[in-house]
Amino acid sequence: MKKLLLIASLLVTFTGMTFAQTKKPKTNTVAKTTAAKPATAAAGPTKKDGTADMRYKANKDAAAAKPATTHVKKDGTPDKRFKENKTPAATTTPKKS
């Protein structure tokens with residue numbers, strides 16, 4: 001009985017080991033390159049990639065200007081979770097019958 005139990009446990013162990021080795025190998029993928037920021041109307045000179053050259057005072061002053069909305073997402077769009085970024089809903093009054 002002990003031999004049968006030992007053989008069964010070894011069989012289960014080796015079966016588990018074979019399934020653990022079925023992961024797909026990593027393939028060489030090309031790393032994502034970050035795209036240059038789109039050229040917005042820079043107050044002063046720009047670099048070759050179109051971004052503002054921060055060595056100049058005019059560009060530093062433009063960057064220090066506060067954006068219109070305080071809470072923005074990574075892509076620059078306003079974050080609608082905050083009250084100041086939500087568009088006011090059309091106010092309707094409940095009908096009395």
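# Exercises on a predicted model

The protein exposes about 9,900 Å² of accessible area, and carbon and sulfur atoms supply 63% of that surface. The structure is a predicted model, and the exercises below go through its helices, its charged pairs and some of its buried residues.

## Exercise 1: The overall picture

Describe the protein by its helices and strands, by its share of buried residues, and by its contacts between residues at least 6 apart in sequence.

Solution. Begin with the secondary structure: the protein has 2 helices and 0 strands. Helix H1 covers residues 2-20, and helix H2 covers residues 57-64. Next, take the burial of the chain, where 6% of the 97 residues count as buried. Finally, turn to the contacts between residues at least 6 apart in sequence, among which 0% join residues at least 24 apart.

## Exercise 2: The nonpolar patch

Find which residues form a nonpolar patch on the surface, and state how much accessible area they have together.

Solution. The patch is formed by Leu 6, Leu 10, Phe 14 and Met 17. Taken together, these four residues have about 400 Å² of accessible area. One of them, Phe 14, can be placed in helix H1.

## Exercise 3: The salt bridges

Work out how many salt bridges a search of the whole structure finds, and describe each pair by its distance and by the accessibility of its two partners.

Solution. The search finds 3 salt bridges. As background, side chains of opposite charge can pair when their charged atoms come close.

Step one concerns Arg 55 and Asp 53, whose side chains meet in a salt bridge with an N to O distance of 2.7 Å. Arg 55 has a relative accessible area of 66% and is therefore exposed, whereas Asp 53 is buried because its relative accessible area is 7%, under the 20% limit.

Step two concerns Lys 57 and Asp 61, which form a salt bridge with their closest N and O atoms 3.9 Å apart; the limit for such a pair is 4 Å, so this distance still qualifies. Both residues lie in helix H2, where they are 4 residues apart, about one turn of the helix. Lys 57 is exposed at a relative accessible area of 62%, while Asp 61, at 46%, counts as partly exposed.

Step three concerns Arg 81 and Asp 79, where the closest N and O atoms of the salt bridge are 2.7 Å apart. Arg 81 counts as exposed with 67% relative accessibility, and Asp 79 is buried with a relative accessible area of 8%.

## Exercise 4: The loop between H1 and H2

Locate Asp 53 and Thr 51 in the chain, and list what each of these residues touches or contacts.

Solution. Asp 53, already met as the partner of Arg 55, is found in the loop between H1 and H2. Leaving aside residues up to four places away in sequence, Asp 53 touches Pro 45, Thr 46, Lys 47 and Asn 59. A further distance can be read from the C-alpha atoms of Asp 53 and Ala 43, which are separated by 9.6 Å although the residues are 10 apart along the chain.

Thr 51 also has its place in the loop between H1 and H2, and at 12% relative accessibility Thr 51 counts as buried. The side chain of Thr 51 makes a polar contact of 2.8 Å with the side chain of Asp 49.

## Exercise 5: Around His 71

Determine how Glu 84 and Asn 85 are placed with respect to His 71, and decide whether each of the two is buried, partly exposed or exposed.

Solution. Both residues belong to the segment after H2, as is given for Glu 84 and for Asn 85. Glu 84 touches Thr 70 and His 71, again not counting residues up to four places away in sequence. A polar contact of 2.4 Å joins the side chains of Glu 84 and His 71, and the C-alpha atoms of Glu 84 and Thr 70, 14 residues apart in sequence, are 8.4 Å apart in space. In the case of Asn 85, a polar atom of the side chain lies 2.8 Å from the backbone oxygen of His 71.

For the accessibility, Glu 84 counts as partly exposed at 48%, because partly exposed residues fall between 20% and 50%. Asn 85, at 6% relative accessibility, counts as buried.

Methods
Residues are numbered from 1 along each chain as its sequence is written. This is a predicted model: local features need pLDDT of at least 70, side-chain atom pairs count only at pLDDT 80 or more; totals for chains, interfaces and linings use all residues. Side-chain values use heavy atoms; hydrogens and water are left out. Buried means under 20% relative accessible area, exposed over 50%, partly exposed in between (1.4 Å probe, protein chains only). Patches are made of residues with over 30% relative accessible area and no salt bridge: like charges are joined within 9 Å, nonpolar side chains (Val, Leu, Ile, Met, Phe, Trp, Tyr) within 5 Å. Accessible areas come from the Shrake-Rupley method with a 1.4 Å probe; for residues, only the protein chains shown count as cover. A polar contact is a pair of N or O atoms within 3.5 Å; within protein, one must be able to donate a hydrogen and the other to accept it, and residues adjacent in sequence count only if both atoms are side-chain atoms. Contact means heavy atoms within 4.5 Å.
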